[in-house]
Amino acid sequence: MSSLLDAKDIKAYYRFSSQFVRAVDGVTLNIDYGDILGIAGESGSGKSTLGNVLMMNIRPPLQFMEGRIILEGKYDLTMMTYQDLKSQIWGRVIALVPQNALNVLIPTRKVQDFIIDVLKVHQKLRKKDAVQLARQRFQDVGLPVEVLIKYPHQLSGGMRQRVVIAIATLLSPKILIADEPTSALDVSTQKQVLKMLLQLHVDNIVKSTILITHDIAILRQVAIKIGIMYAGKIIETAPADQLLQTPLHPYTRGLIQCVVTPEPEISKRGLTHIPGEPPDLIRPPSGCRFHPRCMHAELICIQEEPPLTFMTNHHMVACHLATRWQACSL
Ligand code: SF4
(Lines give C-alpha, C1' and ligand atoms only; values in the text may rest on other atoms or scores of the structure.)
Protein backbone atom coordinates (compact mmCIF):
# COMPACT_ATOMS: atom_id res chain seq x y z
CA MET A 1 0.00 0.00 0.00
CA SER A 2 1.37 3.40 -0.93
CA SER A 3 1.90 6.17 1.59
CA LEU A 4 -0.75 8.79 2.10
CA LEU A 5 1.73 11.49 1.09
CA ASP A 6 5.22 11.19 -0.33
CA ALA A 7 7.38 14.29 -0.62
CA LYS A 8 10.50 13.74 -2.68
CA ASP A 9 13.44 16.12 -2.58
CA ILE A 10 11.27 19.22 -2.40
CA LYS A 11 12.83 22.66 -2.57
CA ALA A 12 11.02 25.97 -2.04
CA TYR A 13 12.85 29.27 -1.75
CA TYR A 14 11.80 32.83 -0.89
CA ARG A 15 12.91 35.19 -3.61
CA PHE A 16 13.96 38.71 -2.70
CA SER A 17 15.16 40.47 -5.89
CA SER A 18 18.07 38.28 -7.02
CA GLN A 19 18.56 36.45 -3.71
CA PHE A 20 17.01 33.20 -2.62
CA VAL A 21 16.34 32.17 0.98
CA ARG A 22 16.52 28.37 0.92
CA ALA A 23 13.74 27.75 3.42
CA VAL A 24 12.99 24.19 2.29
CA ASP A 25 16.02 22.72 0.61
CA GLY A 26 15.74 19.10 -0.40
CA VAL A 27 13.25 17.55 2.01
CA THR A 28 12.10 13.97 1.54
CA LEU A 29 9.50 12.49 3.86
CA ASN A 30 6.45 10.29 3.81
CA ILE A 31 3.22 10.31 5.77
CA ASP A 32 1.43 7.01 6.33
CA TYR A 33 -2.22 6.45 7.22
CA GLY A 34 -2.61 6.89 10.98
CA ASP A 35 0.61 8.87 11.37
CA ILE A 36 1.04 11.76 13.73
CA LEU A 37 4.25 13.21 12.41
CA GLY A 38 5.89 15.89 14.53
CA ILE A 39 8.21 18.35 12.81
CA ALA A 40 10.42 20.16 15.31
CA GLY A 41 13.17 22.72 15.03
CA GLU A 42 14.13 26.23 16.02
CA SER A 43 12.37 29.25 14.64
CA GLY A 44 13.65 29.91 11.10
CA SER A 45 14.42 26.26 10.37
CA GLY A 46 11.84 26.17 7.56
CA LYS A 47 9.23 24.01 9.29
CA SER A 48 6.26 26.38 8.74
CA THR A 49 7.26 26.83 5.11
CA LEU A 50 7.44 23.05 4.79
CA GLY A 51 3.87 22.77 6.12
CA ASN A 52 2.64 25.11 3.40
CA VAL A 53 4.74 23.48 0.68
CA LEU A 54 3.40 20.00 1.50
CA MET A 55 -0.05 21.21 0.43
CA MET A 56 1.38 23.39 -2.37
CA ASN A 57 0.13 26.55 -0.70
CA ILE A 58 2.82 28.60 -2.41
CA ARG A 59 2.46 32.37 -2.33
CA PRO A 60 5.05 34.95 -3.43
CA PRO A 61 7.77 35.60 -2.48
CA LEU A 62 7.86 31.82 -1.90
CA GLN A 63 8.65 29.85 -5.06
CA PHE A 64 8.46 26.12 -5.55
CA MET A 65 11.76 25.10 -7.12
CA GLU A 66 11.66 21.33 -7.59
CA GLY A 67 10.57 17.99 -6.19
CA ARG A 68 7.40 15.92 -6.18
CA ILE A 69 4.54 15.59 -3.70
CA ILE A 70 2.55 12.45 -4.39
CA LEU A 71 -0.82 11.88 -2.76
CA GLU A 72 -1.93 8.25 -2.27
CA GLY A 73 0.55 7.11 -4.91
CA LYS A 74 -1.54 8.75 -7.64
CA TYR A 75 -1.71 12.52 -7.73
CA ASP A 76 1.28 14.80 -7.98
CA LEU A 77 0.26 17.99 -6.19
CA THR A 78 3.13 19.88 -7.80
CA MET A 79 1.46 19.41 -11.20
CA MET A 80 -1.96 20.71 -10.14
CA THR A 81 -3.24 24.21 -10.92
CA TYR A 82 -4.15 26.67 -8.18
CA GLN A 83 -7.84 26.25 -9.06
CA ASP A 84 -7.65 22.44 -8.83
CA LEU A 85 -5.76 22.58 -5.53
CA LYS A 86 -8.37 24.97 -4.16
CA SER A 87 -11.40 22.99 -5.31
CA GLN A 88 -10.11 19.41 -4.87
CA ILE A 89 -7.34 19.37 -2.25
CA TRP A 90 -7.36 22.23 0.27
CA GLY A 91 -9.83 21.60 3.06
CA ARG A 92 -11.08 18.35 1.54
CA VAL A 93 -7.85 16.33 1.43
CA ILE A 94 -5.26 18.46 3.22
CA ALA A 95 -6.19 21.16 5.71
CA LEU A 96 -3.94 23.65 7.45
CA VAL A 97 -4.29 25.23 10.86
CA PRO A 98 -1.87 28.11 10.36
CA GLN A 99 0.46 29.63 12.88
CA ASN A 100 -1.33 32.30 14.94
CA ALA A 101 -4.64 30.62 14.14
CA LEU A 102 -6.05 32.34 17.22
CA ASN A 103 -6.28 35.45 15.07
CA VAL A 104 -7.88 33.77 12.05
CA LEU A 105 -11.44 34.38 13.25
CA ILE A 106 -12.86 37.78 12.27
CA PRO A 107 -13.64 39.91 15.36
CA THR A 108 -16.87 41.31 13.91
CA ARG A 109 -18.29 37.96 12.72
CA LYS A 110 -19.88 35.29 14.88
CA VAL A 111 -18.17 31.89 14.57
CA GLN A 112 -21.13 30.53 12.61
CA ASP A 113 -21.10 33.42 10.12
CA PHE A 114 -17.37 33.01 9.65
CA ILE A 115 -17.88 29.32 8.85
CA ILE A 116 -20.67 30.13 6.37
CA ASP A 117 -18.42 32.67 4.61
CA VAL A 118 -15.51 30.21 4.40
CA LEU A 119 -17.57 27.30 3.14
CA LYS A 120 -19.46 29.47 0.63
CA VAL A 121 -16.25 30.70 -0.95
CA HIS A 122 -14.25 27.47 -0.90
CA GLN A 123 -16.76 24.68 -1.16
CA LYS A 124 -19.95 26.40 -2.42
CA LEU A 125 -22.01 24.94 0.45
CA ARG A 126 -25.43 26.42 1.20
CA LYS A 127 -25.82 28.33 4.47
CA LYS A 128 -28.10 25.67 5.99
CA ASP A 129 -25.71 22.83 5.11
CA ALA A 130 -22.70 24.75 6.39
CA VAL A 131 -24.36 25.33 9.77
CA GLN A 132 -25.46 21.70 9.99
CA LEU A 133 -21.94 20.52 9.16
CA ALA A 134 -20.46 22.83 11.80
CA ARG A 135 -22.94 21.71 14.48
CA GLN A 136 -22.12 18.08 13.78
CA ARG A 137 -18.35 18.60 13.87
CA PHE A 138 -18.52 20.66 17.06
CA GLN A 139 -20.49 17.84 18.71
CA ASP A 140 -17.99 15.26 17.38
CA VAL A 141 -15.05 17.04 19.00
CA GLY A 142 -16.82 17.95 22.24
CA LEU A 143 -17.22 21.66 21.62
CA PRO A 144 -20.45 23.26 22.85
CA VAL A 145 -22.60 24.21 19.85
CA GLU A 146 -23.49 27.51 21.58
CA VAL A 147 -20.00 28.64 20.60
CA LEU A 148 -21.27 28.94 17.03
CA ILE A 149 -23.25 32.06 17.89
CA LYS A 150 -20.46 33.74 19.83
CA TYR A 151 -18.00 36.40 18.71
CA PRO A 152 -14.28 35.54 18.95
CA HIS A 153 -13.70 37.98 21.83
CA GLN A 154 -16.26 36.03 23.90
CA LEU A 155 -14.07 32.92 23.73
CA SER A 156 -10.89 32.04 25.61
CA GLY A 157 -7.65 31.54 23.66
CA GLY A 158 -7.87 27.77 24.07
CA MET A 159 -11.48 27.69 22.89
CA ARG A 160 -10.63 29.84 19.84
CA GLN A 161 -7.81 27.46 18.94
CA ARG A 162 -10.09 24.43 19.24
CA VAL A 163 -12.75 26.20 17.16
CA VAL A 164 -10.22 26.90 14.40
CA ILE A 165 -9.13 23.23 14.41
CA ALA A 166 -12.78 22.13 14.23
CA ILE A 167 -13.37 24.48 11.28
CA ALA A 168 -10.25 23.17 9.50
CA THR A 169 -11.57 19.61 9.79
CA LEU A 170 -15.19 20.30 8.74
CA LEU A 171 -14.71 18.38 5.49
CA SER A 172 -12.84 15.48 7.17
CA PRO A 173 -9.49 16.03 5.42
CA LYS A 174 -7.15 13.08 5.16
CA ILE A 175 -4.22 15.14 6.39
CA LEU A 176 -4.32 17.91 8.97
CA ILE A 177 -1.28 20.18 9.18
CA ALA A 178 -1.26 22.03 12.50
CA ASP A 179 1.39 24.74 12.76
CA GLU A 180 2.29 25.61 16.37
CA PRO A 181 -1.28 24.92 17.59
CA THR A 182 -0.27 25.09 21.24
CA SER A 183 2.00 28.12 21.31
CA ALA A 184 0.70 31.04 23.38
CA LEU A 185 -1.47 28.66 25.44
CA ASP A 186 -1.01 27.67 29.07
CA VAL A 187 -0.11 24.07 29.91
CA SER A 188 -3.62 22.86 30.72
CA THR A 189 -5.07 24.44 27.56
CA GLN A 190 -2.23 22.90 25.55
CA LYS A 191 -3.32 19.52 26.86
CA GLN A 192 -6.91 20.14 25.71
CA VAL A 193 -5.72 21.04 22.20
CA LEU A 194 -3.48 17.96 22.00
CA LYS A 195 -6.32 15.79 23.26
CA MET A 196 -8.53 17.19 20.52
CA LEU A 197 -5.92 16.40 17.86
CA LEU A 198 -5.76 12.81 19.13
CA GLN A 199 -9.56 12.58 19.22
CA LEU A 200 -9.73 13.52 15.54
CA HIS A 201 -7.72 10.36 14.83
CA VAL A 202 -9.72 8.12 17.15
CA ASP A 203 -12.95 9.30 15.53
CA ASN A 204 -11.45 8.81 12.07
CA ILE A 205 -12.16 12.43 11.15
CA VAL A 206 -8.57 12.84 9.91
CA LYS A 207 -6.27 10.04 8.80
CA SER A 208 -2.93 11.69 9.56
CA THR A 209 -1.63 14.78 11.28
CA ILE A 210 1.53 16.79 10.79
CA LEU A 211 2.22 18.74 13.94
CA ILE A 212 4.75 21.54 13.58
CA THR A 213 6.31 22.93 16.73
CA HIS A 214 9.43 24.53 18.18
CA ASP A 215 8.70 22.65 21.42
CA ILE A 216 9.82 19.05 21.20
CA ALA A 217 8.25 18.34 24.61
CA ILE A 218 4.82 18.74 22.98
CA LEU A 219 5.65 15.96 20.54
CA ARG A 220 6.51 13.59 23.35
CA GLN A 221 2.80 13.59 24.25
CA VAL A 222 1.29 12.82 20.85
CA ALA A 223 3.72 12.12 18.00
CA ILE A 224 4.18 8.70 16.45
CA LYS A 225 7.10 9.84 14.29
CA ILE A 226 9.33 12.89 14.61
CA GLY A 227 11.37 14.74 12.00
CA ILE A 228 13.91 17.31 13.12
CA MET A 229 14.43 20.24 10.79
CA TYR A 230 17.51 22.42 10.66
CA ALA A 231 18.33 25.12 8.11
CA GLY A 232 15.81 23.93 5.53
CA LYS A 233 16.60 20.22 5.82
CA ILE A 234 15.37 17.21 7.75
CA ILE A 235 18.45 16.12 9.68
CA GLU A 236 16.97 13.25 11.71
CA THR A 237 13.75 11.26 11.60
CA ALA A 238 12.61 8.25 13.62
CA PRO A 239 9.70 6.79 15.58
CA ALA A 240 9.02 9.25 18.42
CA ASP A 241 10.18 7.01 21.29
CA GLN A 242 13.37 6.09 19.50
CA LEU A 243 14.23 9.65 18.60
CA LEU A 244 13.58 10.95 22.10
CA GLN A 245 15.46 8.12 23.83
CA THR A 246 18.40 7.73 21.47
CA PRO A 247 18.81 10.89 19.41
CA LEU A 248 21.86 10.59 17.17
CA HIS A 249 22.29 14.03 15.61
CA PRO A 250 24.10 16.56 17.86
CA TYR A 251 21.44 19.18 17.07
CA THR A 252 18.61 16.83 18.09
CA ARG A 253 20.46 16.01 21.30
CA GLY A 254 20.77 19.72 22.03
CA LEU A 255 17.07 20.33 21.39
CA ILE A 256 16.06 17.49 23.70
CA GLN A 257 18.48 18.43 26.45
CA CYS A 258 17.32 22.00 26.57
CA VAL A 259 13.59 21.39 26.35
CA VAL A 260 12.65 17.98 27.64
CA THR A 261 14.87 18.00 30.69
CA PRO A 262 12.78 17.66 33.86
CA GLU A 263 14.79 20.17 35.90
CA PRO A 264 12.87 23.44 35.67
CA GLU A 265 15.95 25.59 36.15
CA ILE A 266 17.57 23.93 33.14
CA SER A 267 14.50 23.86 30.93
CA LYS A 268 14.00 27.58 31.57
CA ARG A 269 17.30 28.29 29.84
CA GLY A 270 15.72 27.09 26.59
CA LEU A 271 17.69 26.93 23.40
CA THR A 272 20.74 28.69 24.80
CA HIS A 273 22.10 25.18 25.27
CA ILE A 274 22.85 25.11 21.57
CA PRO A 275 25.51 27.75 21.00
CA GLY A 276 25.27 30.15 18.08
CA GLU A 277 22.40 31.10 15.81
CA PRO A 278 20.62 29.35 12.95
CA PRO A 279 22.53 30.10 9.72
CA ASP A 280 21.76 32.62 7.01
CA LEU A 281 19.79 30.63 4.45
CA ILE A 282 20.78 32.93 1.60
CA ARG A 283 24.33 31.65 1.93
CA PRO A 284 24.10 28.50 4.07
CA PRO A 285 27.32 27.01 5.47
CA SER A 286 29.20 24.50 3.34
CA GLY A 287 29.05 20.79 4.14
CA CYS A 288 26.90 20.09 7.18
CA ARG A 289 24.84 23.22 7.81
CA PHE A 290 25.14 22.66 11.55
CA HIS A 291 28.95 22.64 11.53
CA PRO A 292 29.51 26.25 12.73
CA ARG A 293 27.56 25.36 15.92
CA CYS A 294 28.68 21.76 16.36
CA MET A 295 31.33 21.03 18.98
CA HIS A 296 32.17 17.75 17.20
CA ALA A 297 32.78 19.20 13.72
CA GLU A 298 35.66 17.71 11.76
CA LEU A 299 37.13 18.63 8.38
CA ILE A 300 34.71 16.40 6.46
CA CYS A 301 31.80 18.23 8.12
CA ILE A 302 32.93 21.50 6.53
CA GLN A 303 33.65 19.95 3.14
CA GLU A 304 30.82 17.50 2.49
CA GLU A 305 27.11 17.55 3.11
CA PRO A 306 26.09 14.47 5.12
CA PRO A 307 23.27 12.53 3.42
CA LEU A 308 20.20 11.45 5.40
CA THR A 309 21.09 7.79 6.01
CA PHE A 310 19.28 4.83 7.59
CA MET A 311 20.94 3.86 10.90
CA THR A 312 18.26 1.30 11.77
CA ASN A 313 15.05 0.27 9.99
CA HIS A 314 13.22 3.53 10.65
CA HIS A 315 15.86 5.85 12.10
CA MET A 316 17.57 8.19 9.62
CA VAL A 317 20.28 10.71 10.42
CA ALA A 318 22.31 13.25 8.42
CA CYS A 319 25.62 13.34 10.32
CA HIS A 320 29.06 12.14 9.20
CA LEU A 321 29.74 10.81 12.68
CA ALA A 322 26.37 9.12 13.22
CA THR A 323 27.88 5.63 13.58
CA ARG A 324 30.06 6.98 16.41
CA TRP A 325 27.03 8.33 18.26
CA GLN A 326 25.15 5.12 17.58
CA ALA A 327 27.99 3.05 19.12
CA CYS A 328 27.95 5.32 22.20
CA SER A 329 24.21 4.78 22.64
CA LEU A 330 24.42 0.96 22.59
FE1 SF4 B 1 28.38 17.88 13.75
FE2 SF4 B 1 29.75 16.97 11.67
FE3 SF4 B 1 27.60 15.66 12.46
FE4 SF4 B 1 27.35 18.03 11.30
S5 SF4 B 1 28.13 16.16 10.35
S6 SF4 B 1 26.31 17.36 13.11
S7 SF4 B 1 29.16 19.10 12.05
S8 SF4 B 1 29.50 15.95 13.63
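**Exercise 1. Is Asp76 buried, partly exposed or exposed, and what is its relative accessible area?**

The model is predicted: local features need pLDDT of at least 70, side-chain atom pairs count only at pLDDT 80 or more, and totals for chains, interfaces and linings use all residues. Residues are numbered from 1 along each chain as its sequence is written, and side-chain values use heavy atoms, with hydrogens and water left out.

Step 1. Recall the classes: buried means under 20% relative accessible area, exposed over 50%, and partly exposed in between (1.4 Å probe, protein chains only).

Step 2. Asp76 has a relative accessible area of 14%, so it is buried.

Step 3. Find its partner. Asp76 and Arg68 form a side-chain salt bridge at 3.3 Å, N to O. The term requires a side-chain nitrogen of Lys or Arg within 4 Å of a carboxyl oxygen of Asp or Glu.

Step 4. Classify the partner. Arg68 has a relative accessible area of 45% and is therefore partly exposed.

**Exercise 2. Describe the salt bridges elsewhere in the model.**

Step 1. Over the whole structure, the search returns 13 salt bridges.

Step 2. Take Glu72 and Lys174, whose closest N and O atoms are 3.0 Å apart. This pair links distant parts of the chain, 102 residues apart: Glu72 lies in the loop between β4 (62-71) and β5, and Lys174 in the loop between α5 (157-168) and β7 (175-179). Helices (H or I, at least four residues) and strands (E, at least two) are DSSP runs, numbered from the N terminus.

Step 3. Compare accessibility with the classes. Glu72 is buried because its relative accessible area is 17%, while Lys174, at 27%, is partly exposed.

Step 4. Take Asp280 and Arg283, with closest N and O atoms 3.7 Å apart. Asp280 counts as partly exposed at 41% relative accessibility, and Arg283 counts as exposed at 56%. Elsewhere, Arg22, Asp25 and Arg289 are joined into one network by salt bridges that share partners.

**Exercise 3. Work out the strand order of the open sheet and place Lys8 in it.**

Step 1. The open sheet has 4 strands in the order β2-β1-β4-β5, with antiparallel pairing. Its edge strands, each pairing on one side only, are β2 (19-31) and β5 (75-76). Two strands pair if DSSP finds at least two bridges between them.

Step 2. β1 (residues 5-16) pairs with β2 in the antiparallel sense over 9 bridges. Ala7 stands opposite Leu29 in β2.

Step 3. Lys8 belongs to strand β1. Its relative accessible area is 42%, so Lys8 is partly exposed.

Step 4. List the contacts (heavy atoms within 4.5 Å). Not counting residues up to four places away in sequence, Lys8 touches Val27, Thr28, Gly67 and Arg68. Lys8 and Glu66, 58 residues apart in sequence, are 9.1 Å apart in space, C-alpha to C-alpha.

**Exercise 4. Characterise the surroundings of His249.**

Step 1. Locate the residue: His249 sits in the loop between α8 (240-245) and α9 (250-259).

Step 2. Assign its class. His249 is buried because its relative accessibility is 2%.

Step 3. Name its neighbours. Leaving aside those within four places in sequence, His249 contacts Ile235, Glu236, Phe290, Val317, Ala318 and Cys319.

Step 4. Look for polar atoms. A polar atom of the His249 side chain lies 3.2 Å from the backbone oxygen of Ala318.

Methods
Polar contact = N/O pair within 3.5 Å; in protein donor to acceptor, adjacent residues only side chain to side chain.
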